[in-house]
Amino acid sequence: MIWGFPGVLLFMLGEGIDQGFLSAYLSDQGVSLHSIAMLFTVRGVAVGVASWLSGALSDLWGPRRVMWVGSVIWAVFQVLFLTVALPTLDFSLLVISFALRGFGFPLFAFAFLTWLTAVTPEQRLGRAVGWFYFCYVGGLLVFGALSASVLVPWLGTFPTLWFALLCMVSGCLMTLLLVRETSAPAGAEKPLAVLFGSVAILWRNWKVGVGAVVRCICSSAYDAYPVLMPIFFTQTIGFSLAEWLRLSFVMCATTMVCNLIFGAVGDRIGWRRTIAWFGGVGCAVTLLLLYYVPLLAGQQYALALLAAALNGAPAAAYAPLSALVPALAPGHRGQAMGALNLGAGASMLVGPAVVAVFFPLVGMSGVVWIFAGLYLLSAVLVAFLKPS
């Protein structure tokens, strides 16, 4: 499976290159902020649906075929996005091409994760999942942003976006042509049974349902960060936008590296203990530090960087969840991964929704405490996720 890891990194680098500048580019071209928000919202729904389908379809077709489908979808709609939608700024075409491109990458990445959990020996599964998230986060949030910061000033917007397609094709071919693992065949269930089963397993196996809730919680605060944190650090604390972006980079880079550490820690001391103490409790404490340290210290950038790094580290401790939840349903690993990925997709709606509902009522500090409480709740819920 080893060629799949750099392949996932390259594929996700292609997906992540435009994350830091596309909204600003569209705004400069006269697209309204409301339309840009709608564009990303529709894409979030597509990503959530595809994340759920990745596990179910891997049970049905086998993960390799699902990865091919995701790759073709991504490439076709990236070309449509670049050749028609962006040059004309036709909003309907922007929505269709951008959203359906977003439908492609979870099919590729999470089908590979499903494949990985199916074939890796249990005693090494935490480390394998840690390497997956190292490549996933590294491509999407770290190297994608770094590549864009270099290429956009040098080449311009459109050549950079074509370079993203080259990265995606390279990652796809590296993974699907060089990975030789063949011991994860497709399931024998009927299509409707497979698709319904990936939802029904949430209540048929209540532990998998709880695991999906924990997965939703672990990402929800980070999905709310783009709404909350730029405003907090630039308007309340007084940092520049560039300084906030560096803080965000430090946070994501720390998460990327710590995925390797906590994958190994989970194999050594237990997946549940790692998720509960380092993930749930760790994220609750460091989220409060990320908020209160700059609030009390003011424009002390070194302290803010330290708080950002500390907040990025425990997020990686949730990585063993992708090893734990399939172990709760050994006969239906693909369905369990589909349920887990459904939780990941739901966080893209839950995180911003918590902000939208509670920010007018309790303000920034109240929202931070709500997310800290949710992290602590996830630590309690993990205690119930003991494989039979």
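Here is a short walk through the structure, one selection at a time.

Before you click, know that this is a predicted model, where local features need pLDDT of at least 70, side-chain atom pairs count only at pLDDT 80 or more, and totals for chains, interfaces and linings use all residues. Residues are numbered from 1 along each chain as its sequence is written, and side-chain values use heavy atoms, leaving out hydrogens and water.

**Stop 1: the core.** Select L26, F132, Y136, M229, F233 and F371. These have the most contacts inside the largest nonpolar core, which has 127 residues. A nonpolar core here is a set of buried Ala, Val, Leu, Ile, Met, Phe, Trp, Tyr and Cys residues joined through side-chain atoms within 4.5 Å. Buried means under 20% relative accessible area, exposed over 50%, and partly exposed in between, with a 1.4 Å probe and protein chains only. Now colour helix 5, residues 91-119: with 16 residues, helix 5 gives the most to this core. (Helices are DSSP runs of H or I, at least four residues, and strands are runs of E, at least two, numbered from the N terminus.)

Zoom in on F233. Setting aside neighbours within four places in sequence, F233 is in contact (heavy atoms within 4.5 Å) with G238, F239, W244, L247, L290 and P294. Apart from the big core lies another one, of five residues, including C258, F262, A313 and A317.

**Stop 2: two helices.** Show helix 6 (residues 122-155) and helix 7 (residues 157-178). How do they pack? At an angle of about 135°, with their axes 7 Å apart. Axes are lines fitted to C-alpha atoms, for helices over the stretch in contact, and angles run from 0 to 180 degrees between N-to-C directions. Helix 6 and helix 7 are therefore oblique to each other: under 35 degrees is roughly parallel, over 145 roughly antiparallel, 65 to 115 roughly perpendicular, and the rest oblique. To see the contact, pick L151, V152 and L155 of helix 6, then T157, P159, T160 and F163 of helix 7.

Stay on L151, which is buried at 10% relative accessibility. Beyond its neighbours within four places in sequence, L151 touches G156, T160 and F163.

**Stop 3: the cysteines.** How many disulfides does a search of the whole structure find? Zero, a disulfide being a pair of cysteine sulfur atoms within 2.5 Å. Try C167: the nearest cysteine sulfur, that of C172, is 13 Å away. C167 is buried, at 6% relative accessible area. Finish at C216, whose sulfur is 8.4 Å from the closest cysteine sulfur, in C218, too far for a bond.
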